[in-house]
Protein chains: 2
Amino acid sequence: MPDRLNAVFSALADPHRRYVLETLARRGTATPTELAGELPVTRQAVAKHLGLLHAAGLVDRRRSGRESRYRLTPGPLGEASTWIERVGAEWDGRLSALRRHLEADGRD
Amino acid sequence: MPDRLNAVFSALADPHRRYVLETLARRGTATPTELAGELPVTRQAVAKHLGLLHAAGLVDRRRSGRESRYRLTPGPLGEASTWIERVGAEWDGRLSALRRHLEADGRD
DNA sequence: GTAACGTGCAACCTTCAGGTTGCCCATTAT
DNA sequence: ATAATGGGCAACCTGAAGGTTGCACGTTAC
């Protein structure tokens, strides 16, 4: 089930998608056409990005009339952040253990 | 220079690379051959992954004799984590502002 | 010395990501 | 009713990611 992590990190790997997420976080909601107006790509490209973000669970679509507004659903961001923090913590733990061990031994 | 974010998130998007990072965090150092023994890919594939991780600034190589040991350099992980936290914080801030602004419209 | 081991590098293959154009459907405006 | 707008879907193109095999070089062991 770490497939979710794949989807999330892959989603975050593209600058256009990060821009979309930042915009949604700041503005609340946005439509594909709005976003395409602020990016150097076509509306269809933005739609693809939104589809990917939706597949990763990072955005939520909601049609109102003929336009569809997308909203941020930041849950999976937490999973990604947690993974990073965990690895960092394990590294720090190992480092301090090593340092503790070195104060008696004095070798690498 | 958010190019760094591209490299880091791209690096984290692959499960084999995440395994490498987790292993380095837990074990301290590892060689390409060691890692290849624990992954369903060839040593050369692992070497490519390590090259990518190095380009992202996530690992550090150090040759000792005929083997080269890789070590985690978690700095860029902090940048990635910071980006995520920032977006999450902006979203939360917007949410609470919205909630403060309207106390009646609890429909979703 | 010669053999074996650990690496890195280059060439190649296949799959997929990001973009584009083109078409069609639903909704709003005139 | 007709035109225009917003959106999604499909086909197609191009470049790069992930993998493999093969080879060449430095290092350790016999």
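Mentor: Before we start: a residue counts as near a strand of DNA if its C-beta atom, placed from the backbone, lies within 6 Å of it. Keep in mind, too, that this is a predicted model.

Trainee: Okay, with that cut-off, how many residues surround DNA strand C, and which are the closest?

Mentor: There are 22 around DNA strand C, and the closest are Thr42(A), Gly65(A), Arg66(A), Thr31(B) and Thr33(B).

Trainee: Which elements give two or more residues to that surface?

Mentor: From chain A, helix H4 (43–55) does; from chain B, helix H3 (32–37), helix H4 (43–55) and strand E3 (67–72) do. H4(A) gives the most, with 5 residues.

Trainee: And how do the residues near DNA strand C divide into nonpolar, polar and charged?

Mentor: You get 9 polar, 7 charged and 6 nonpolar residues on that surface.

Trainee: Let's look at E3(B). How does strand E2 (residues 59–64) of chain B run against it, parallel or antiparallel?

Mentor: Antiparallel, with 6 bridges joining E2(B) to E3(B). To pick out one pairing, Asp60(B) has Arg71(B) in E3(B) as its bridge partner. The two strands make a hairpin with 2 residues between them, and in the turn Gly65(B) has a positive phi of about 70°.

Trainee: What turn and shift lay chain A on chain B?

Mentor: A turn of 180° with a shift of 0.0 Å along the axis, giving an RMSD of 0.0 Å. The two copies are therefore related as by a two-fold rotation axis. Both copies also use the same surface: 100% of chain A's contact residues recur in chain B.

Definitions and conventions: Residues numbered from 1 in each chain as written. Chains lettered and ligands numbered in written order. Predicted model: local features only at pLDDT ≥ 70, side-chain atom pairs only at ≥ 80, totals over all residues. Helix = DSSP H or I, 4+ residues; strand = E, 2+ residues; numbered from the N terminus. Nonpolar A, V, L, I, M, F, W, Y, C, P; charged D, E, K, R; others polar. Least-squares fit on C-alpha atoms with pLDDT ≥ 70 in both. Contact = placed C-beta atoms within 7 Å. Pairing = 2+ DSSP bridges.
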